[in-house]
Amino acid sequence: MKITAIIPYPAWVGIRNQLIVKVETDEGIYGWGESGLSGREKAVIGAIEHFREFLLGKNPMAIGAIWQEIYRSQYFEGGRVLTAAMSAIDIALHDLKGKALGVPVYELLGGKQRDFIPTFATVRGPCGEIMVRQAEELVELGWRAIRLFPHGHENPRIFEPRESLAETANWCTKTRDAVGHEIVLGIDYHHRLSVAEAASFCQKMPPGTLDFLEEPIRDETPEAYEALRRLTDIPFAIGEEFASKWQFLPYIERDIHQFNRIDVCNVGGLTEAMKVAGWSEAHYVDVMPHNPLGPICTAATVHFGAAVPNFSWLETRASPGELYHGFDNPELFPSQITLNGTVYDVPDTPGLGVEVDEERLKAQSFKFWEAPHLIRRDGSVTNW
């Protein structure tokens, strides 16, 4: 069997683009993958086109060797654009190989260790009574892990970090009182704070209010996270931006965080995600995957979650508490893994268990999309 085509499809699905990649072979077997670098799809397509030139004619079953050849056969290795391209190809190769062998992808990763994948749901409502009410509704629907967003996150133009802290801490405390202490409760600050701001936020709440603090500061400097670690005892959930096992290295080895937000569509695919999970297990760090994309990302992460022992919860964008934006368009993805209550059942179909209507996909147009460019009230740029 040989690779005969690698086709990137940038398609507008819901309110964003999805970059779907198809790998075809001379035996008619194909696989689907997805890239995770939202908003920079054109850059990833360029990388895929470079890789395609030397991957045509390769044996698609040699997934590990292909991963190493892509990564090591260039002087400027790594980086988020290149590993996002690698991720899509790697996931597609796993889908293809599972179909060729007639087994689910998790069988290629060591076999199934659980029958379903627990999820955490997100409260999208702004801080206030609506946030508390939405959290209570999610608990009534059966969710045992819930994520909140901070005060001011809904403003598409201005975010003033210091103005967010007290109000967010107040409503986090009220939400905890409303749902009780049996529910896992966390918050995503989307790396919008400094070390001092994040520490101040944590110190404004009673102990035990939050079970995890997600991405409070930017990740470029592990030492900054170590400084924050000394100022709070709330567990950290970080890593959704990490593009290799090497980026995870200092965080795992220095025991900085407790949950790895691995994104299989950014980190280097399932091949790299499995290595990070094993390394995490040795340090008693649980994986809590990032999953903000489409059905292929969800399916790949479900198979990943089924095959690793140190799994906590998978992010879902399909809960009633979150305004879901149509990323799972059933016309484009007629076969996909969907929520069963609050969990994803682990499928037993060959490959990922996702099929794509390729003709509809071809008809979808690419649209340029930018994440919000946030400023503070003084006009200076701040983090989205």
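This report walks through a helix pair, the empty spaces and a few single residues in a predicted model.

## Helix 6 against helix 7

Let's start with a packed pair. Two packed helices are described by the angle between their axes and the distance between the axes. Here the pair is helix 6, residues 161–179, and helix 7, residues 195–203; their axes come within 9 Å and cross at roughly 25°. Angles under 35 degrees count as roughly parallel, so that is the label for helix 6 and helix 7. As for handedness, the crossing of these two helices is right-handed.

Who does the touching? On the helix 6 side the contact uses P161, R162, L165, T168, A169 and C172. Helix 7 answers with A196, E197, S200 and F201. Sorted by class, the contact residues of helix 6 with helix 7 come out as six nonpolar, two polar and two charged.

## The largest pocket

Now for the empty space. Rolling a probe the size of a water molecule over the atoms shows where empty space is left. The largest pocket has a volume of about 1300 Å³, and 45 residues line it.

Which residues of the lining lie nearest the centre of the largest pocket? They are R16, H190, W369, A371 and W384. If you're thinking about the chemistry of the wall, the lining of this pocket splits into 14 nonpolar, twelve polar and 19 charged residues.

## Two cavities

How many cavities of 30 Å³ or more are there? The count is two. The largest cavity has a volume of about 40 Å³, and the second largest about 30 Å³.

Around the largest cavity sit N17, Q18, L19, E34, S35, G36, L37, S38, E41 and L293. Strand 2 (16–25) and strand 3 (30–35) are the elements that give two or more residues to that lining. Strand 2 gives the most, with three residues. By class, the lining of the largest cavity holds three nonpolar, five polar and two charged residues.

The second largest cavity is lined by R16, N17, Q18, S38, P292, L293, G294 and F327. Its lining divides into three nonpolar, four polar and one charged. A few names turn up in both linings: N17, Q18, S38 and L293 are listed for the largest cavity and also for the second largest. R16 does double duty too, as a lining residue of the second largest cavity and one of those nearest the centre of the largest pocket.

## Positive phi in two loops

On to the backbone. Most residues other than glycine have a negative phi, and most peptide bonds are trans. H190 goes the other way, with phi near 55°, a positive value in a residue other than glycine. H190 sits in the loop between strand 6 (184–188) and helix 7, and it is also among the residues nearest the centre of the largest pocket.

E215 is another case: its phi is positive, about 45°, although E215 is not a glycine. Where is E215 placed? Look in the loop between strand 7 (212–214) and helix 8 (222–231).

## K97 and its surroundings

One last stop: K97 belongs to helix 3, residues 80–101. Leaving out residues up to four places away in sequence, K97 touches M61, I63 and L108. K97 and G31 are 66 residues apart in sequence, yet their C-alpha atoms are 7.8 Å apart in space.

Technical notes
Residues are numbered from 1 along each chain as its sequence is written. This is a predicted model: local features need pLDDT of at least 70, side-chain atom pairs count only at pLDDT 80 or more; totals for chains, interfaces and linings use all residues. Side-chain values use heavy atoms; hydrogens and water are left out. Axes are lines fitted to C-alpha atoms, for helices over the stretch in contact, and angles run from 0 to 180 degrees between N-to-C directions. Helices (H or I, at least four residues) and strands (E, at least two) are DSSP runs, numbered from the N terminus. Angles under 35 degrees count as roughly parallel, over 145 as roughly antiparallel, 65 to 115 as roughly perpendicular and the rest as oblique. A crossing is left-handed if the near helix is turned anticlockwise from the far one by less than a right angle, and right-handed if clockwise. Contact means heavy atoms within 4.5 Å. Ala, Val, Leu, Ile, Met, Phe, Trp, Tyr, Cys and Pro count as nonpolar, Asp, Glu, Lys and Arg as charged, and the others, Gly among them, as polar. On a 1 Å grid over the protein atoms alone, a cavity is a set of points where a 1.4 Å probe fits but cannot get out, and a pocket is an open set with protein on both sides within 12 Å along at least five of seven lines; lining residues have an atom within 4 Å of a point. Grid points are joined across faces, edges and corners, and a volume is the space filled by probe spheres set on the points.
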